[in-house]
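Student: I have just opened this structure and would like to understand how its labels are justified. Could we go through them together, setting each value against its definition?

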Amino acid sequence: MVREMREEMTYGIEEGEREEEGGFPNTSHKRLVVVGYALTSKKIKSFLQPKLEGLARNKGILFVAIDHNKPLSDQGPFDIVLHKLSGKEWRQILEDYRQTHPEVTVLDPPDAIQHLHNRQSMLQAVADLNLSDSYGKVGVPKQLVVKKDASSIPDAVANFGLKLPIVAKPLVNDGSKKSHELSLAYDRYSLQKLDPPLVLQEFVNHGGVLFKVYIVGEAIKVVRRFSLPDVTKRELSKTAGVYRFPRVSCAAASADDADLDPCIAELPPRPLLEKLAKELRRRLGLRLFNLDMIREHGTRDRFYVIDINYFPGYGKMPEYEHIFTDFLLSLVKGKLKKRSG
Ligand SMILES: O=P(O)(O)O[C@@H]1[C@@H](OP(=O)(O)O)[C@H](OP(=O)(O)O)[C@H](O)[C@H](OP(=O)(O)O)[C@H]1OP(=O)(O)O
Ligand SMILES: Nc1ncnc2c1ncn2[C@@H]1O[C@H](COP(=O)(O)OP(=O)(O)O)[C@@H](O)[C@H]1O
Ligand SMILES: [Mg+2]
Ligand SMILES: [Mg+2]
């Protein structure tokens, strides 16, 4: 079916640009780029919007749902497989498919995505990079991993020198509701109430504004979002306890149009983001991800990456339809060039 449609339609990649391949005669007409997708229904709704599908069709890109009841190899043929599903079984299916179909670009490799499923390993690449240049400095908040035994946390935190308040994040970041249940602890002893395994991170005051840095291949888009407000010294000294906080990035509106203090709201310098994105793409082996980044309050150029998400909510990224479709075409064109060069 996909094969028939591929030959029927006459736009997309110039057939002449492509090396001869089984089933596709090397004629001068253009052919479709076929993208198989395996996404949750939530993701299909937010990402595969009519505008994206329409623009894709005009550019010769066809999105085809992957049927989970059939072997992957019996479907397609695909140029690209786009996926965000969890589970060991699915990972294995994809790994096997990558082995047997090296000509297909799987976005992204399952083992690279797996790296983000742990909030400790997730930020390691940022820490290793230790980016610092004339445009600014990018790091990760000081953090400590607690695998078990909540009663040992107060001493562990004191010994490690972790300052309060502290954000407690589930170590496992598998997209489940639980993995997004974060808390803010105002005093050391209340940390005993937490439920390890956790990453305990110093809370960095950042003026209540967060930057979502979306990456799609080589393209970068930054938007502002409202975030947690600063915790003053006074508030810290007066408050005790551990408080669960809601999913800020989902609940919060865009801060792009808000009348914010320029010291807080000014976007991170473009050259700094270019360098960061380029390095992280390489180190993480991912092409589709976003970074949650904050600027330390009272500084102009001190940034922290606090979260990295695979295949995030691109539906909320301005112009994602154009950026994403151009990216898909560039992947196929790049592959053809490589083969013929
Ligand atoms: O639901 P959306 O569109 O807000 O996207 C979620 C992301 O929001 P963002 O684009 O950063 O604002 C969200 O980012 P945050 O972790 O909230 O910063 C996650 O990437 C989430 O995926 P998962 O639940 O961790 O697997 C993303 O959820 P999925 O759509 O992948 O389920
Ligand atoms: N170290 C930190 N300092 C200040 N705020 C933080 C810190 N870590 C997380 N936050 C706030 O909590 C929110 C959720 O944390 P995040 O690590 O992005 O988890 P999730 O994967 O659930 O989005 C962030 O968007 C930010 O508002
Ligand atoms: Mg986040
Ligand atoms: Mg996240």
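Tutor: Let us begin with a definition: a polar contact is a pair of N or O atoms within 3.5 Å, where, within protein, one atom must be able to donate a hydrogen and the other to accept it. Please keep in mind throughout that this is a predicted model.

Student: What makes the pairing of the side chains of D292 and K212 a polar contact?

Tutor: The side chain of D292 reaches the side chain of K212 at 2.7 Å, and the cut-off is 3.5 Å, so the pair qualifies as a polar contact. Leaving aside neighbours within four places in sequence, D292 is also in contact with other residues, including L210, F211, Y304 and D307.

Student: Why is D292 called buried?

Tutor: The relative accessibility of D292 is 7%, and buried means under 20%, so D292 counts as buried. This residue lies in strand β16, which covers residues 288-295.

Student: How do you know that D307 is buried?

Tutor: D307 has 11% relative accessibility, so the label buried applies to D307 as well. D307 is found in strand β17, residues 302-310, and, apart from its neighbours within four places in sequence, has contacts that include R119, M122, L123 and N290.

Student: What does the UniProt record list for "binding site"?

Tutor: The unreviewed UniProt entry lists D292 and D307 under that heading. They span 16 residues in sequence, yet no two of their C-alpha atoms are more than 5.0 Å apart, so they gather at one spot.

Student: What makes D292 and D307 donors of the magnesium ion (ligand 3)?

Tutor: A donor here is an N, O or S atom within 2.8 Å of the metal, a limit that suits magnesium. The OD atoms of D292 and D307 lie 2.0 to 2.2 Å from the magnesium ion (ligand 3), so they meet that limit and count as its protein donors. The pair links distant parts of the chain, with D292 in strand β16 and D307 in strand β17, 15 residues apart.

Student: Which residues coordinate the magnesium ion (ligand 4)?

Tutor: The magnesium ion (ligand 4) is coordinated by D307, through two OD entries, and by N309 through OD1, at 2.1 to 2.8 Å. As for N309, its relative accessibility is 15%, so N309 counts as buried.

Student: Why is D307 said to bridge the two magnesium ions, ligand 3 and ligand 4?

Tutor: The word rests on the fact that D307 coordinates both the magnesium ion (ligand 3) and the magnesium ion (ligand 4), which are 3.7 Å apart.

Student: Which residues touch the most other members of the largest nonpolar core?

Tutor: That core has 60 residues, and F47, F63, L82, L288, I308 and Y314 touch the most other members. Its largest share, 9 residues, comes from helix α13, residues 320-340, and the core draws at least three residues from each of domain 1 (2-108 + 320-340) and domain 2 (116-310). Setting aside neighbours within four places in sequence, F47 is in contact with L39, L52, L82, F311, Y314, Y320 and F324.

Student: How do you know that the peptide bonds before P165 and P197 are cis?

Tutor: For the bond joining L164 and P165, omega is about -5°, and the bond is cis; from P196 to P197, omega is near 5°, and that bond is cis too. P165 is found in the loop between α8 (153-160) and β10, while P197 is in the loop between β11 and β12 (198-202). As background, most peptide bonds are trans, and most residues other than glycine have a negative phi.

Student: Where do N130 and E319 come in, and is each exposed or partly exposed?

Tutor: N130 has a positive phi, near 50°, and E319 has a positive phi near 65°, although neither residue is glycine. N130 sits in the loop between α7 (124-129) and β7 (132-133), and E319 in the loop between β17 and α13. Exposed means over 50%; N130, at 51%, therefore counts as exposed, whereas E319, at 48%, counts as partly exposed.

Conventions. Residues are numbered from 1 along each chain as its sequence is written. Chains are lettered from A and ligands numbered from 1 in the order in which they are written. This is a predicted model: local features need pLDDT of at least 70, side-chain atom pairs count only at pLDDT 80 or more; totals for chains, interfaces and linings use all residues. Side-chain values use heavy atoms; hydrogens and water are left out. UniProt positions are given in the numbering used here, feature names are shortened, and annotations may be inferred rather than shown by experiment. Helices (H or I, at least four residues) and strands (E, at least two) are DSSP runs, numbered from the N terminus. Buried means under 20% relative accessible area, exposed over 50%, partly exposed in between (1.4 Å probe, protein chains only). Contact means heavy atoms within 4.5 Å. Donors are N, O and S atoms within 2.8 Å of the metal (3.2 Å for Na, K and Ca); water is not among the atoms, so sites may look incomplete. A nonpolar core is a set of buried Ala, Val, Leu, Ile, Met, Phe, Trp, Tyr and Cys residues joined through side-chain atoms within 4.5 Å. Domain bounds come from an automatic or database domain assignment.
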